[in-house]
Amino acid sequence: MTQVIELKGVSKRYDNAGAPALGPLDLTVAQGEALAVTGPSGSGKSTLLNLVAGLDKPTEGTVTVAGQRIDTLGEHALARYRRERVGMVFQFFNLLDDLTVADNIQLPAQLTGTARGKAAARAGELMELLGIQKHARAYPGRLSGGERQRVAVARALVNRPALLLADEPTGALDSASGQDVRRLLVDLHRSGQTIVLVTHDLALAEACASRSVHLVDGHVALDSRTEAVR
Ligand code: ADP
């Protein structure tokens, strides 16, 4: 089985006193898994996500994503890794309000040097897939929260990342929009996308994830494979 994420002996300390904020831990995520990371506030979920996203480095251990050691990369290579290999979705969408929906989605493709026509075609394909093509020329400010999160997911997928990372993707949504994003993540998992999802939303974890890792004090307290995704 191909591993998309391999953490070996990973720990992260923000200071020298006391126990590490995360780890030491070993964790692998196989291609096609949808992993929900849960746990109380301060348990290390964001730290874990940041290490996998290449936004921070471990104090000890190795982080390999899609076959590439990322803990040893310099800033330039890390920026490239983030653009090309991972897609990120955040609680508050982080869309650019001055760009249309279509341009928001295309932007990461253009930043990796994809020709404008090709980037536009890929964005069109994703808008169609996610049911937001009618908003292509709208600005994000005109859309509902659920629609904005769909745009953010399309943007995250534009470069066909090995890994989709989502940090509380339903945290800012009303329950109907939350349900909409939940369904979208289920569909992506079914299509084979590897997903790591950090969430407090147990309904989201239960609906979308094929596996759940529960962190307590920086350690894996529970690692369970769930039944087939509904
Ligand atoms: P969670 O996402 O589960 O709320 P975090 O990964 O944010 O947990 O935090 C884990 C621990 O690390 C907490 O004790 C937190 O205070 C600490 N921590 C997180 N980020 C930093 C930082 N930049 N500097 C110092 N301590 C931090």
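1. A good place to begin is Arg160. In this predicted model, Arg160 sits in the loop that links α5 (145-157) with β7 (163-167).

2. Is Arg160 buried or exposed? Its relative accessibility is 54%, so Arg160 counts as exposed, the cut-off for that label being over 50%.

3. Exposed as Arg160 is, the residue still has partners from elsewhere in the chain. Once neighbours within four places in sequence are set aside, Arg160 is in contact with Arg122 and Glu125. You may also like to look at Gly87: this residue and Arg160 are 73 residues apart along the chain, and 8.1 Å separates their C-alpha atoms.

4. Now turn to the ligand. Which residues surround the ligand? Tyr14, Ala21 and Pro40 belong to the surroundings, together with Ser41, Gly42, Ser43, Gly44, Lys45, Ser46 and Thr47. Sorted by class, this shell has 6 polar, 3 nonpolar and 1 charged residues.

5. Some individual atom pairs are worth finding on screen. With Ser43, a backbone N or O atom lies 3.1 Å from an oxygen atom of the ligand. For Gly44, a polar backbone atom is 3.1 Å from a ligand oxygen atom. With Thr47 the side chain takes part: one of its polar atoms lies 2.5 Å from an oxygen atom of the ligand.

6. How much of the ligand's exposed area does the protein bury? The ligand taken alone exposes 560 Å², and the protein buries 54% of that.

Conventions: Residues are numbered from 1 along each chain as its sequence is written. This is a predicted model: local features need pLDDT of at least 70, side-chain atom pairs count only at pLDDT 80 or more; totals for chains, interfaces and linings use all residues. Side-chain values use heavy atoms; hydrogens and water are left out. A residue is near a molecule or strand if one of its heavy atoms lies within 4 Å of it. A polar contact is a pair of N or O atoms within 3.5 Å; within protein, one must be able to donate a hydrogen and the other to accept it, and residues adjacent in sequence count only if both atoms are side-chain atoms. Accessible areas come from the Shrake-Rupley method with a 1.4 Å probe; for residues, only the protein chains shown count as cover. Ala, Val, Leu, Ile, Met, Phe, Trp, Tyr, Cys and Pro count as nonpolar, Asp, Glu, Lys and Arg as charged, and the others, Gly among them, as polar. Helices (H or I, at least four residues) and strands (E, at least two) are DSSP runs, numbered from the N terminus. Buried means under 20% relative accessible area, exposed over 50%, partly exposed in between (1.4 Å probe, protein chains only). Contact means heavy atoms within 4.5 Å.
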